[in-house]
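Work through the exercises below with the sequence and the structure open. Try each task before reading its solution.

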Amino acid sequence: MQVIVHGGAGSTPDEPESRQAVLDEAANAGGTAETPVDAVEAAIHVLESSPRFNAGVGGAVQSDGFVRTDASIMTDDRSVGAACSMPGVEHAVSVARVVMEETPHGFVSGEHAVALAEEYGVETAVDLWSERTRAKWADLEVPEGGVGVQLEWIRDQYGRSDPDGREEDSDEGDSGVGDEHDHDTVGAVAFDGESLAAATSTGGRWLALAGRVGDVPQVGSGFYCCPAAGVSATGAGEDIARVTLSRRVARHVERGLDAGAAADLAIEEFGELTGSSAGVIAIDSSGRLGSAFNSDGMQTASVER
Ligand SMILES: NC(=O)C[C@H](N)C(=O)O
């Protein structure tokens with residue numbers, strides 16, 4: 001089994017070694033799985049349970065003070081499952097898998113996705129707040145009020161930090177927006193020599209309007225898998241979705257590039273088209289691994305067993 005995982009594209013993390021250890025553990029967990037789909041789910045579980053990443057526990061907080069999780073999973077026969085906007089669901093990737101395997105649908109959202117999780121034994125009502133998340137939220141001056149007030153507030157805040165919450169060009173001082181207490185979106189791709197699977201999981205982006213859903217559960221944007229390649233993306237979700245970044249990587253493989261060259265080209269195109277930052281990981285059907293990013297950093301880990 002070959003597995004590659006990422007821990008989010010963003011600015012350089014403050015404690016790369018401890019994050020790398022969790023990514024290595026995740027890749028190893030995937031490497032011992034029986035099938036590619038088991039491998040990506042097992043790898044993502046490790047990352048969703050770590051408060052160091054923006055997925056499951058430690059996910060980004062939305063404007064109304066809720067952490068909501070989104071995830072996706074896909075196999076190379078183009079079976080697909082995605083679930084989004086789930087408060088209290090740590091293992092969002094498992095809900096995505098339930099959608100793929102147990103429903104006639106591709107994408108289920110919000111309270112109905114949480115109900116589906118309950119029905120299939122995926123734990124709900126989990127406290128997704130980490131100590132870091134609490135400290136960061138406590139530092140913010142959150143206005144009281146409904147959607148209009150929240151929108152006014154986040155218009156000023158959203159996008160000031162990098163896709164994983166670190167501060168970019170902000171003059172907010174230590175407002176807590178994008179400070180070092182960040183966490184990162186996660187993804188995994190696996191290949192067993194015959195078939196491919198890809199999965200992505202996130203808490204979204206810090207200070208998004210309540211109910212905002214980014215690229216992660218959108219097919220072809222935050223994830224894609226076809227006979228040519230499996231792909232997982234991370235970064236500025238609105239921009240990733242506008243150019244269907246993951247599909248773009250797979251398309252380049254279909255046209256003859258290996259996973260590495262396809263990832264490089266897709267990120268170059270993404271940068272030109274959007275001026276934004278993102279990263280991708282991929283494995284092609286010859287077992288070649290690829291990763292590329294145009295942010296300051298994106299940590300990855302891989303295993304081959
Ligand atoms: N850090 C991330 O990758 C965020 C994710 N792509 C989103 O926009 O929801």
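The exercises that follow concern a predicted model.

**Exercise 1. Burial of a strand**

Task: Determine how many residues of strand S5 (residues 186–191) are buried, and what that says about its surroundings.

Solution:
- Start with the direction of the side chains. In a regular strand they alternate between the two faces of the sheet.
- On one side of S5 are Val186, Ala188 and Ala190, and on the other are Gly187, Val189 and Phe191.
- Check each side in turn: these residues are all buried, and both faces of S5 are covered.
- The count is six of six, so S5 is largely enclosed by the rest of the structure.

**Exercise 2. Partners of S5**

Task: Find which residue of strand S6 (residues 196–202) is the bridge partner of Ala190, and which residue stands opposite Ala190 in the pairing with strand S1.

Solution:
- Take S1 (residues 2–10) to begin with. S1 and S5 pair in the antiparallel sense over five bridges, and Val3 stands opposite Ala190.
- Next take S6. The pairing of S5 and S6 is also antiparallel, with six bridges.
- In S6, Ala197 is the bridge partner of Ala190.
- Finally, look at the turn. The hairpin of S5 and S6 has four residues between the strands, and Gly193 there takes a positive phi near 95°.

**Exercise 3. The second hairpin**

Task: Describe the pairing of strand S9 (residues 278–284) with S10, and decide whether S10 (residues 289–293) is enclosed or open.

Solution:
- S9 and S10 run antiparallel and are joined by five bridges.
- One of the pairs is Ile281 with Ser291 in S10.
- Four residues lie between the strands of this hairpin, where Gly287 has a positive phi near 80°.
- For burial, sort the side chains of S10: Leu289, Ser291 and Phe293 point one way, Gly290 and Ala292 the other way, and all are buried.
- Five of the five residues are therefore buried, and S10 is largely enclosed by the rest of the structure.

**Exercise 4. Annotated positions**

Task: Locate the residues that UniProt marks as "active site" and "binding site", and judge whether Thr185, Gly235 and Ala236 are buried or exposed.

Solution:
- The unreviewed UniProt entry places the feature "active site" at Thr185. Thr185 is found in the loop between helix H6 (147–157) and S5.
- The cut-off for a buried residue is 20 or more other C-beta atoms within 10 Å. Thr185 has 35 such neighbours, so it counts as buried.
- The "binding site" annotation, also from an unreviewed entry, covers several residues, including Arg212, Asp215, Gly235 and Ala236.
- Gly235 lies in strand S8 (residues 229–235) and is buried because it has 31 C-beta neighbours inside 10 Å.
- Ala236 is in the loop between S8 and helix H7 (237–242). Ala236 is buried, with 23 other C-beta atoms within 10 Å.

**Exercise 5. Positive phi outside glycine**

Task: Examine the phi of Ser85 and of Leu207, and place each residue in the structure.

Solution:
- Recall the general rule: most residues other than glycine have a negative phi.
- Ser85 has a positive phi near 60°. Ser85 belongs to strand S3 (residues 80–87), and its 24 other C-beta atoms within 10 Å make it buried.
- Leu207 has a positive phi of about 60°. Leu207 lies in the loop between S6 and strand S7 (223–225) and is buried, with 27 other C-beta atoms within 10 Å.

Methods. Residues are numbered from 1 along each chain as its sequence is written. This is a predicted model: local features need pLDDT of at least 70, side-chain atom pairs count only at pLDDT 80 or more; totals for chains, interfaces and linings use all residues. A residue is buried if 20 or more other C-beta atoms lie within 10 Å of its own, exposed if 12 or fewer, and partly exposed in between; C-beta atoms are placed from the backbone. Helices (H or I, at least four residues) and strands (E, at least two) are DSSP runs, numbered from the N terminus. Two strands pair if DSSP finds at least two bridges between them. UniProt positions are given in the numbering used here, feature names are shortened, and annotations may be inferred rather than shown by experiment.
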